[in-house]
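Me: Could you take a close look at the empty space enclosed inside this protein for me? I would like to know what surrounds it and how the neighbouring parts are put together.

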Amino acid sequence: MVVLHTGRETNRRTAAAVTARLAAEGIRLRMLGSELVEMGSEVPDGFDPIPVEDLPAAAEGAEFVLVLGGDGTFLRAAALARPCGVPLLGVNLGRVGFLAEAEQESLDEALDALVARDYAIEERMTIDVVVRSNGSVLGRTWALNEASVEKSTRERILEVVLEVDGRPVSSFGCDGVICATPTGSTAYAFSAGGPVVWPQVEALLLVPSNAHALFARPMLVAPDSQAAVEVDQFGPPALLDCDGKRTIVLPPGARVEVRRGAKPVRVVRIDGQPFADRLVRKFDLPVRGWRGSPDRHPDDRVVHRGGGPRS
């Protein structure tokens, strides 16, 4: 299955080339009907993908989901792949594309790996979210990156109480509280001052956003812990936003409970690149002067700011 950011003509041409290439290898594609319509004449004759509806079962039976776009497209595709346990391979056609495994210039190599089934599968932790109010469940949802409790009016401070494993930890006024996975540590949580966490680490991040308190630091709790954010019953309403894709309005007094997701998101790994290298490349971090371990192989290289590879 291909999930595409259709907003750019170059993306549509790339998707058409992928369709033809995989069809030549005997691989039939499926696409969301709305995206297929937007591609229009870009699809080569005789290679029309199978149109499917934008439903949780859209990826059922697919070998993998190929994502052509940026992180927003990847998160949208994750909602289609996760219910069926189908792994995703992201190819970055956007700007940062932190969730993507490959860049546009390495698309051919990525397709070769898919055709040859020469790839590994990595499971990424998710979080399940339950919203309660006056003892009733208002909604259930999930997130791959983060579940963010945010104020819904600019004029008022959001007053919250933060709870971990059934015990209150701190109360404060803030713009919001971000409950993030390690995968989401480089997204919204990072912008709010949270730590970068390697994807292999299993933990839950709790990051207050613009908190008015002496103790409102980011916290890293056990993956099996349950966290909750309680909104002041006498304050303004708030909003729950999961991955920027799924929202629930939070009335005063609402309680948002977050725990490890029952279903992970499976991602395709093809190059085995260390997370540290991805971090340096995506954030353009300065690493000039690094010499490394004495037993480092001479072919190991790192791209540093201000020039080409430095051994």
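Reply: Happy to help; what follows starts at the enclosed space and works outward through its surroundings. Please keep in mind that this is a predicted model.

Let's begin with the cavity itself. The structure holds 1 cavity of 30 Å³ or more, and the space in the largest cavity comes to about 150 Å³. Its lining is made up of 18 residues, and those nearest the centre are Phe98, Leu99, Arg124, Thr183 and Arg278. By class, the lining of the largest cavity splits into 10 nonpolar, 4 polar and 4 charged residues.

Where do residues of the lining of the largest cavity come from? Strand 5 (88-92), strand 20 (265-269) and helix 6 (275-283) each give at least two. Strand 20 has the largest share, with 3 residues.

Helix 6 deserves a word of its own. Phe275, Arg278, Leu279, Val280 and Lys282 are buried in this helix, and Arg278 is also among the residues nearest the cavity centre. Just after helix 6, aspartate 284 adopts a positive phi of about 50 degrees.

Now to threonine 183, another of the residues nearest the centre of the cavity. This threonine sits in the loop between strand 13 (176-180) and helix 5 (188-191). Threonine 183 counts as buried because its relative accessibility is 7%, and the cut-off for buried is under 20%. If neighbours within four places in sequence are set aside, threonine 183 is in contact with Leu99, Arg124, Leu144 and Asn145. Two of those partners, Leu99 and Arg124, are named among the residues nearest the cavity centre as well.

Asn145 leads us on to the largest pocket. This pocket holds about 280 Å³ of space. It is lined by 15 residues, with Asp71, Leu75, Asn145, Glu146 and Ala187 closest to its centre. The pocket lining has 6 nonpolar, 5 polar and 4 charged residues. Helix 3 (residues 71-81) contributes the most to this lining, with 3 residues.

Helix 3 also carries alanine 78. Alanine 78 has 0% relative accessibility and therefore counts as buried. Beyond its neighbours within four places in sequence, alanine 78 is in contact with Pro83, Leu88, Trp142, Leu144 and Val265. Leu144 thus turns up again, since threonine 183 is in contact with Leu144 too. Leucine 88 lies 10 residues from alanine 78 along the chain, and their C-alpha atoms are separated by 7.3 Å.

Trp142 takes us into the sheets, as strand 9 covers residues 136-143. Strand 9 belongs to an open sheet of 6 strands, ordered 9-8-19-16-11-12 with antiparallel pairing. Strand 9 and strand 12 (167-174) are the edge strands, and each pairs on one side only. From one strand to the next, the twist averages 20 degrees.

Within that sheet, strand 8 (residues 127-133) is mostly covered, with 5 of its 7 residues buried. Strand 8 pairs with strand 9 in the antiparallel sense over 7 bridges, and arginine 132 stands opposite valine 137 in strand 9. The hairpin of these two strands has 2 residues between them, and asparagine 134 takes a positive phi near 55 degrees there. Strand 8 also pairs with strand 19 (residues 255-260), again antiparallel, over 6 bridges. Valine 131 has valine 256 as its bridge partner in strand 19.

At the other end of the order, strand 11 (residues 158-164) and strand 12 run antiparallel and are joined by 7 bridges. Glutamate 163 has proline 168 of strand 12 as its bridge partner.

Finally, strand 13, which comes before the loop of threonine 183, is part of another open sheet. This sheet has 6 strands in the order 15-14-13-10-17-18, with antiparallel pairing. Strand 15 (219-221) and strand 18 (246-250) stand at its edges with a single partner strand each, so one side of each has no neighbour in the sheet. Here the twist averages 15 degrees from one strand to the next. Strand 14 (residues 204-209) and strand 15 run antiparallel, joined by 3 bridges, and leucine 204 has valine 221 of strand 15 as its bridge partner.

How values were computed:
Residues numbered from 1 in each chain as written. Predicted model: local features only at pLDDT ≥ 70, side-chain atom pairs only at ≥ 80, totals over all residues. Heavy atoms only, no water. Helix = DSSP H or I, 4+ residues; strand = E, 2+ residues; numbered from the N terminus. Buried < 20%, exposed > 50% of the residue type's maximum accessible area, 1.4 Å probe, protein only. Contact = heavy atoms within 4.5 Å. Pairing = 2+ DSSP bridges. Axes fitted to C-alpha atoms, helices over the stretch in contact; angles between N-to-C directions. 1 Å grid on protein atoms, 1.4 Å probe; cavity = no way out; pocket = protein on both sides within 12 Å on 5 of 7 lines; lining within 4 Å. Points joined across faces, edges and corners; volume = space filled by probe spheres on them. Nonpolar A, V, L, I, M, F, W, Y, C, P; charged D, E, K, R; others polar.
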